[in-house]
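Here's a quick briefing to read alongside the model. Keep the viewer open and click through the residues as they come up.

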Amino acid sequence: MSRIGRLPITIPAGVEVKLEGRQVSVKGPKGELSRSLAEGITVENEDGTLTVSRPNDERESRSLHGLTRTLINNMIIGVTEGYSKKLEIVGTGYRVLAKGSDLEFALGYSHPVPVKAPQGITFAVESATKLSVSGIDKQQVGEVAANIRKLRRPDPYKGKGVRYEGEQVRRKAGKAGK
């Protein structure tokens, strides 16, 4: 039995979970998320707790069991607390500006790099070199943060670029002098 899949999910106050066929909808104070379940995986709501079960012990069923439980739990956390990723920019002249709900980066290119905020994502610029990506969908927040990091990956020689807060960049030695 999957250790993660076996754990019950408690539904906090103010969160409404609807199970309609293969569709799970979670509505909370921050918004609403829905996801379709994989074939064979079933979810039951009993007195404010959700339990995920699988039909058999085949390899695919076992892997989907824990995954489904985690995805539903992430949806519940997302509509109650939300998710956030913090990014920092390192490099002389590298900065970020908020243009309404969108961002504009100066990352050493000959032009500014604009980034539009997708539906459900909000950007917060704390300083010229620090920003955060927030939203209720964990996967979408991570993907938008990864795409921003991809604009200028941290350089292994000087460490310049966009990185996650607290990320350690492995530095390489430069050319040896005479």
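Start with lysine 30, which sits in the loop between β3 (23-28) and β4. Bear in mind that this is a predicted model. Leaving aside residues up to four places away in sequence, lysine 30 touches Gly78, Val79, Thr80, Glu81, Gly82 and Ile136. The side chain of lysine 30 also gets to the backbone oxygen of glutamate 81, at 3.5 Å. If you want a sense of scale, the C-alpha atoms of lysine 30 and proline 112 are 33 Å apart, with their positions 82 residues apart along the chain.

**Two domains and where they meet**

- The protein chain splits into domain 1 (9-81) and domain 2 (83-164).
- Taken over C-alpha atoms, the centres of domain 1 and domain 2 are 31 Å apart.
- Eight residues from domain 1 and four residues from domain 2 make up the contact.
- About 490 Å² is buried between domain 1 and domain 2, and carbon and sulfur atoms give 61% of that area.
- Which residues matter most to the area on the domain 1 side? Leu33, Asn74 and Gly78 supply 64% of what domain 1 buries against domain 2, more than any other three residues.
- On that side of domain 1, β4 (31-36) and α2 (59-80) each supply at least two of the residues that touch domain 2.
- Charge pairing doesn't feature here, with zero salt bridges found across the interface of domain 1 and domain 2.
- Polar contacts come to one residue pair between domain 1 and domain 2, counting pairs with both residues at pLDDT 80 or more.

**Nonpolar cores**

- As background, nonpolar side chains in soluble globular proteins tend to be buried together.
- The largest nonpolar core here has 19 residues, and the members touching the most other members are Ile89, Leu103, Phe105, Phe123, Leu131, Val133 and Ile148.
- Elements giving two or more residues to this core are β7 (83-90), β9 (102-106), β10 (113-115), β11 (121-127), β12 (130-135) and α3 (138-150).
- Of these, α3 gives the most to the core, with four residues.
- There's also a second, separate core of 18 residues, and Ile9, Leu33, Leu64 and Met75 are among them.
- For a closer look at the largest core, pick valine 133: leaving out residues up to four places away in sequence, valine 133 touches Tyr83, Ser84, Lys85, Leu87, Ile121, Thr122, Phe123, Val141, Val144, Ala145 and Ile148.

**Salt bridges**

- How many salt bridges are there by this rule? The count comes to seven.
- Arginine 149 and glutamate 167 meet through their side chains in one of them, at 2.7 Å from N to O.
- Arginine 149 lies in helix α3 and glutamate 167 in the segment after β13 (161-164), so this pair ties together parts 18 residues apart in sequence.
- Glutamate 167 is partly exposed, at a relative accessible area of 22%.
- Lysine 116 and aspartate 102 make another salt bridge between their side chains, at 3.6 Å from N to O.
- That pair links distant parts of the chain, with lysine 116 in the loop between β10 and β11, aspartate 102 in strand β9, and 14 residues from one to the other.
- Is lysine 116 buried or exposed? Lysine 116 is exposed, with a relative accessible area of 67%.
- Glutamate 104 pairs with lysine 99 in a salt bridge too, and their closest N and O atoms are 3.8 Å apart.
- Glutamate 104 counts as partly exposed at 23% relative accessibility, and lysine 99 is also partly exposed, at 47%.

**Two loop residues to click on**

- Aspartate 47 isn't a glycine, yet has a positive phi of about 55°.
- For context, most residues other than glycine have a negative phi.
- You'll find aspartate 47 in the loop between β5 (42-46) and β6 (49-53), and aspartate 47 is exposed, with a relative accessible area of 83%.
- Glycine 100 is in the loop between β8 (95-99) and β9, and glycine 100 counts as exposed at 72% relative accessibility.
- From C-alpha to C-alpha, glycine 100 and lysine 116 are 9.8 Å apart in space, and they are 16 residues apart in sequence.

Key: Residues numbered from 1 in each chain as written. Predicted model: local features only at pLDDT ≥ 70, side-chain atom pairs only at ≥ 80, totals over all residues. Heavy atoms only, no water. Core = buried A, V, L, I, M, F, W, Y, C linked by side-chain atoms within 4.5 Å. Buried < 20%, exposed > 50% of the residue type's maximum accessible area, 1.4 Å probe, protein only. Contact = heavy atoms within 4.5 Å. Domains from an automatic or database assignment. Buried area = accessible area lost by both parts, 1.4 Å probe. Salt bridge = Lys/Arg side-chain N within 4 Å of Asp/Glu carboxyl O. Polar contact = N/O pair within 3.5 Å; in protein donor to acceptor, adjacent residues only side chain to side chain.
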